Amino acid sequence: MTPGSKLLQTMADKLDREIPGIKDWRHLAYNLDVPVDKRQAFGGLEQKGKSPTKEVMQWLVARFPDTTLKDVVKALDKIQRNDAIQIITRQFPETVGESKICRVVTLHLLFSLWLVYS
């Protein structure tokens, strides 16, 4: 993810929000093996109006330059953030297999229908 990109901003908009029962950037950072001290430091950035998600991604790329979007998608899958996976796969469909794309699209459609009829 390129710093300043629309993709990164959209991901940050999704993952920076704290919503009870929904895993956020902290869970993603944990699944990407970001050390505890770094996660704690990134958490303090929220108070300063900075994006912890962006900081996690920048740290990850600086520390592990071979990290790919597929790695990020796998971590997002572990925390069940299909909304964030869908954002990535719209731009980069090759980051997941066909079956995963179908599952994400199906879940998104079901959720959309639930919102309409509830």
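Which residues of helix 3 (residues 36-44) are buried? Keep that question in mind while you set up the view, because the answer comes with the stop at helix 3.**Setting up**

The model is predicted, with local features requiring pLDDT of at least 70 and side-chain atom pairs counting only at pLDDT 80 or more, while totals for chains, interfaces and linings use all residues. Residues are numbered from 1 along each chain as its sequence is written, and side-chain values use heavy atoms, with hydrogens and water left out.

Show the whole protein as a cartoon, where you will find 7 helices and 0 strands. Helices (H or I, at least four residues) and strands (E, at least two) are DSSP runs, numbered from the N terminus. Followed along the sequence, the pattern is α-α-α-α-α-α-α. Of the 118 residues, 36% count as buried, where buried means under 20% relative accessible area, exposed means over 50%, and partly exposed lies in between (1.4 Å probe, protein chains only). Among contacts with a separation of 6 or more, 54% join residues 24 or more positions apart, a contact being heavy atoms within 4.5 Å.

**Stop 1: helix 3**

Select residues 36-44, and within this helix pick out Arg39, Phe42 and Gly43, which are its buried residues. Looking down the axis of helix 3, you will find these buried residues within an arc of 105°, so they line one face of the helix; the arc is that of the directions from the helix axis to the C-beta atoms. The buried residues of helix 3 pack against helix 2 and helix 4, whereas the face turned away from the buried side carries the exposed residues Asp37 and Gln40.

Step back along the chain to Asp33, in the loop between helix 2 and helix 3. Asp33 is exposed, with a relative accessible area of 62%, and has a positive phi of about 65° although it is not a glycine. Most residues other than glycine have a negative phi.

**Stop 2: helix 5 and the core**

Select helix 5 (residues 69-78) and colour its buried residues, which are Leu69, Val72, Val73, Ala75 and Leu76. Seen down the axis of helix 5, they fall within an arc of 160°, so they too line one face of their helix. On the other side of helix 5, Lys74 and Lys78 are exposed. To see what covers the buried residues of helix 5, add the covering elements, which include helix 1, helix 2 (25-31), helix 4 (52-63) and helix 6.

Now display the largest nonpolar core, which has 24 residues, and highlight Met11, Leu28, Leu76 and Ile88, the residues that touch the most other members. A nonpolar core is a set of buried Ala, Val, Leu, Ile, Met, Phe, Trp, Tyr and Cys residues joined through side-chain atoms within 4.5 Å. Helices 1, 2, 4, 5 and 6 are the elements that give two or more residues to this core, and helix 5 gives the most, with 5 residues.

Just after helix 5 comes Gln80, in the loop between helix 5 and helix 6. Gln80 is exposed, with a relative accessible area of 64%, and its phi is near 60°, a positive value in a residue other than glycine.

**Stop 3: helix 1 and its partners**

Select helix 1 (residues 6-15) together with helix 6 (residues 82-91), which pack at an angle of about 170° with their axes 10 Å apart. Axes are lines fitted to C-alpha atoms, for helices over the stretch in contact, and angles run from 0 to 180 degrees between N-to-C directions. Helix 1 and helix 6 are therefore roughly antiparallel; angles under 35 degrees count as roughly parallel, over 145 as roughly antiparallel, 65 to 115 as roughly perpendicular and the rest as oblique. Show the side chains of Leu7, Thr10, Met11 and Lys14 on helix 1, and of Asp83, Ala84, Ile87, Ile88 and Gln91 on helix 6, which make this contact.

Replace helix 6 with helix 4, whose axis is 8 Å from that of helix 1, the two packing at an angle of about 125°. That makes helix 1 oblique to helix 4. Here the contact is made by Leu8, Gln9, Met11, Ala12 and Leu15 of helix 1 and Thr53, Lys54 and Met57 of helix 4.

**Last stop: Lys23**

Select Lys23, in the loop between helix 1 and helix 2, which counts as partly exposed at 36% relative accessibility. Leaving aside its neighbours within four places in sequence, Lys23 is in contact with Ile79 and Arg81. Draw a distance from Lys23 to Ile79, C-alpha to C-alpha, and you should find 6.2 Å in space across 56 residues in sequence.
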